[in-house]
Amino acid sequence: MNVQMPSAFQQAPAGHVASGSGLTPGYMSGFGNGFESEALPGALPVARNSPQRCPYGLYAEQLSGSPFTAPRVANERSWLYRIFPTVTHFGEFHPAEIGLWRTAPSPETRLPIAPYRWDPIAIPAEPLSFVEGIRTMTTAGDAGAQAGMGAHLYFVTRSMEDEYFYNSDGEMLIVAQEGQLRLWTEFGIIDIEPGEIAVIPRGVKMRVELLGGPARGYVCENYGGAFTLPERGPIGANCMANQRDFLTPCAAFEDREAPSKMYVKWGGDLWVCDLDRSPLDVVAWHGNYAPYKYDLRKYSPVGPILYDHADPSIFTVLTSPSETPGTANIDFVVFCDRWLVAENTFRPPWYHMNVMSEFMGLVHGVYDAKTGGGFQPGGCSLHNMMLPHGPDVDAFEKASTVELKPHKLEGTLAFMFETRFPQAISAFAAESPAFQKSYAGYGRKLAKHFDPSKP
Ligand SMILES: [Fe+2]
């Protein structure tokens, strides 16, 4: 295999360097920049996108993530300079086994309305690639209408070898929970570990390798508008997720001829064709439509510093906008380490009903609304549209009686995929032994404290 070390064209701190254990990815810092990167000197055409002949005999190809005419703020495209254009990487496609991956609309179950929660599911022993190991928990909206999302778990026990994949139905936000992944993308290499996320835009080819042992985590498959940074309003120019902490890979490519397979998720189905070479053959690229990673531990939370409790929107890392301002297709929200200082305040999340629907997962630690032990790292929960939820009895009793001092929540990392659409539960989720059938009753365990004689 001929793997080329990229040289960062600008902004990249180091590019890729060889190490004893293989490659170390190089990244460029920023969010939504007009990045440019080349893995061979001079591979990127200068001052034009589509020269009559590209350097090194490369083909030019544009990848459009938005309509051509989208407003500038939402217009996303990149130019890729590759050994072969994607039409060459397309053979005769055949249906492939999609396993337990579901796409909205997917009304597989009709469970009673209730809050739902699942224990962590153990990583299976069977060989599972990233594509084979997707287990859909919920679906929402309609992928064909480019609105809504799928919430999935992933389990990876084997690397993809001479197998490649891209998703036409949605952008994939990958939340690592256990084990490390190496994402070989057309744009370069991204490594993620628990605490980090990666976002792979719709249509970007990749293969997923394990770095070390098996891996487990979550995927938000975003059928709607591409994730972007939320507005900060009066918070101003700093804090929350800062642009400089988002990392996009430097160009890297394979010139590898070998019998291979290309999997494409399209219209809720999985298709496969045979290839005779790697499609990860982009030698140089430029543009603002590219994969990226982010370390959730770098999130700079803001919150109430005297009393009361802000809405969880202050913890939004990324948002997928809809046509309605302020009504997200998806908000990706993180609950990370932070100080709690509010005086005379019930500090955990409040009791709540919400027109949005909330899928939550836990990377590590304890979530402060659920201290009773049932929400475990690797597990997940669903509090659907306009259904009540809030702290369990353990969390309520502690938080309403504890002496309030400045207190730091440490070693905790929970997150939420919050969508404007109700979420349908998959048959896999409903039938899983991890499904906590008794969770729905947690609210009825709360004690009566009302005493009309004690104002
Ligand atoms: Fe809520």
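Modeller: Before we start, UniProt positions are given here in the numbering used for this structure, and such annotations may be inferred rather than shown by experiment. The model itself is predicted, and for "active site" the unreviewed UniProt entry lists His309.

Colleague: Why is histidine 309 called partly exposed?

Modeller: Its relative accessibility is 26%, and because partly exposed covers what lies between the buried limit of under 20% and the exposed limit of over 50%, histidine 309 counts as partly exposed. Histidine 309 sits in the loop between β21 and β22.

Colleague: What makes the approach of histidine 309 to arginine 347 a polar contact?

Modeller: A polar atom of the histidine 309 side chain lies 3.0 Å from the backbone oxygen of arginine 347, and the cut-off for such a pair is within 3.5 Å. Arg347 is also among the residues in contact with histidine 309, as are Phe346 and Trp350.

Colleague: Why is threonine 248 called buried?

Modeller: Threonine 248, in strand β17, has a relative accessible area of 2%, and buried means under 20%, so the word applies. Its side chain reaches the backbone oxygen of proline 291 at 3.2 Å.

Colleague: How do you know that the site of the iron ion is irregular?

Modeller: The iron ion is coordinated by His352, Glu358 and His389, with Glu358 giving two OE entries, at 2.1 to 2.5 Å. The angles among the 4 donor atoms run from 55 to 159°, whereas four tetrahedral donors need all angles between 85 and 135 degrees, and square planar ones need the angles other than those of opposite donors between 65 and 115, so 55 fits neither and the site is irregular.

Definitions and conventions: Residues are numbered from 1 along each chain as its sequence is written. This is a predicted model: local features need pLDDT of at least 70, side-chain atom pairs count only at pLDDT 80 or more; totals for chains, interfaces and linings use all residues. Side-chain values use heavy atoms; hydrogens and water are left out. Helices (H or I, at least four residues) and strands (E, at least two) are DSSP runs, numbered from the N terminus. Buried means under 20% relative accessible area, exposed over 50%, partly exposed in between (1.4 Å probe, protein chains only). A polar contact is a pair of N or O atoms within 3.5 Å; within protein, one must be able to donate a hydrogen and the other to accept it, and residues adjacent in sequence count only if both atoms are side-chain atoms. Contact means heavy atoms within 4.5 Å. Donors are N, O and S atoms within 2.8 Å of the metal (3.2 Å for Na, K and Ca); water is not among the atoms, so sites may look incomplete. Four donors count as tetrahedral if all angles lie between 85 and 135 degrees; four count as square planar and six as octahedral if opposite donors are over 155 degrees apart and all others between 65 and 115; anything else is irregular. Lists of a residue's contacts leave out its neighbours within four places in sequence.
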